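Please open the structure in your viewer and keep the selection panel at hand. The tour below goes from place to place, saying at each stop what to select and what is there.

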Amino acid sequence: MTEPKPGRVRVEMSQKRVRVYLGGQLVADSTRPVLVWQTPHRPIYYLPVADLRAKLEPNGETTYCLSRGEATLYDVVLEDGTVVAGAAARYLDSQLTVLNDLVRLRFDLMDEWLEENEPIYGHPRDPYIRVDILASSRHVRVGIDGVTVADSHTPHILFETKRPVRYYLPLTDVRMDVLTPTAAHSSSPYKGTADYWSVRVGDEEHREIAWCYRNPLPESQKIAGLVSFYNERVDIYLDGELQERPHTLFG
């Protein structure tokens with residue numbers, strides 16, 4: 001078996017207080033969390049085992065990855081006896097020795113994560129990500145299969161580190177007659193919770209291709225109630241010039 005390669009994982013101490021809740025009960029409370037970039041796209045929190053308030057019970061399962069080695073999986077047991085299967089992992093003998101005394105809790109299996117006194121959504125904030133939202137007078141036109149579905153001279157343009165530029169358009173500049181609400185949602189620690197629409201053009205339905213943050217987080221209030229489309233899946237004309245489609249996992 002190939003030995004783990006520590007250089008593939010980035011690790012950084014955080015100075016934020018992080019608390020985790022499940023079923024109204026405190027699972028962990030730490031002032032020394034560690035941000036770990038297991039992939040280059042987003043960090044997750046690893047917390048000192050000593051800062052857990054819940055119990056860990058090994059469930060006999062393990063996983064393995066080249067960068068961190070073997071992980072022992074645990075069930076999380078709350079004070080009231082509630083058991084959450086496979087909700088924690090520890091790297092007890094990793095070549096990345098900083099991980100050996102830490103525990104990774106499944107973000108999606110916990111009810112609430114707090115940085116200081118503020119909730120976080122989807123995943124921890126990356127300290128190297130910046131989001132700028134700028135009001136603009138540039139002409140943005142959105143086309144799907146040759147049909148214009150949005151046309152605006154008052155977009156808000158969102159610039160996010162390492163992400164494609166996104167164009168947020170007023171509802172009045174979007175053809176709402178071709179948009180159908182879906183049950184899909186996504187969460188961003190920078191913007192909040194988004195609702196999605198599908199777009200039907202002729203006989204073709206383009207699933208979950210547009211979204212809106214109706215109640216964004218305070219730092220992203222400028223995009224409240226505006227609509228954006230995946231640049232990867234539509235034709236964006238900026239001041240009359242067709243933009244190249246970015247290549248991302250949303251394409």
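## Pockets, a sheet and two cysteines

In this predicted model, begin with the largest pocket, whose lining comprises 13 nonpolar, eight polar and eight charged residues. The space in this pocket comes to about 720 Å³, and of the 29 residues that line it, select Arg42, Glu160, Arg163, Lys191 and Phe250, which lie nearest its centre. Next colour β16 (166-169) and β17 (179-188), the elements that each give two or more residues to this lining; β17 gives the most, with three residues.

Keep Arg42 selected, since the second largest pocket, with a volume of about 160 Å³, also has Arg42 in its lining, along with residues including Val36, Tyr45, Phe107 and Trp113. Here the elements that give two or more residues are β5 (44-48) and β9 (102-105), while the lining divides by class into six nonpolar, two polar and three charged residues.

Now move to an open sheet of four strands, which pair in antiparallel fashion in the order β3-β2-β10-β11. Its edge strands, β3 (25-30) and β11 (118-119), each pair on one side only. Select residues 18-22 to see β2, which runs antiparallel to β3 and is joined to it by five bridges; within this pair, Leu22 stands opposite Gln25 of β3.

Finish with two cysteines, Cys65 and Cys212. Cys65 has a relative accessible area of 17% and is therefore buried, and Cys212, at 0% relative accessibility, likewise counts as buried. A search for disulfides in the structure will return zero.

Technical notes
Residues numbered from 1 in each chain as written. Predicted model: local features only at pLDDT ≥ 70, side-chain atom pairs only at ≥ 80, totals over all residues. Heavy atoms only, no water. Pairing = 2+ DSSP bridges. Disulfide = S-S within 2.5 Å. Buried < 20%, exposed > 50% of the residue type's maximum accessible area, 1.4 Å probe, protein only. 1 Å grid on protein atoms, 1.4 Å probe; cavity = no way out; pocket = protein on both sides within 12 Å on 5 of 7 lines; lining within 4 Å. Points joined across faces, edges and corners; volume = space filled by probe spheres on them. Nonpolar A, V, L, I, M, F, W, Y, C, P; charged D, E, K, R; others polar.
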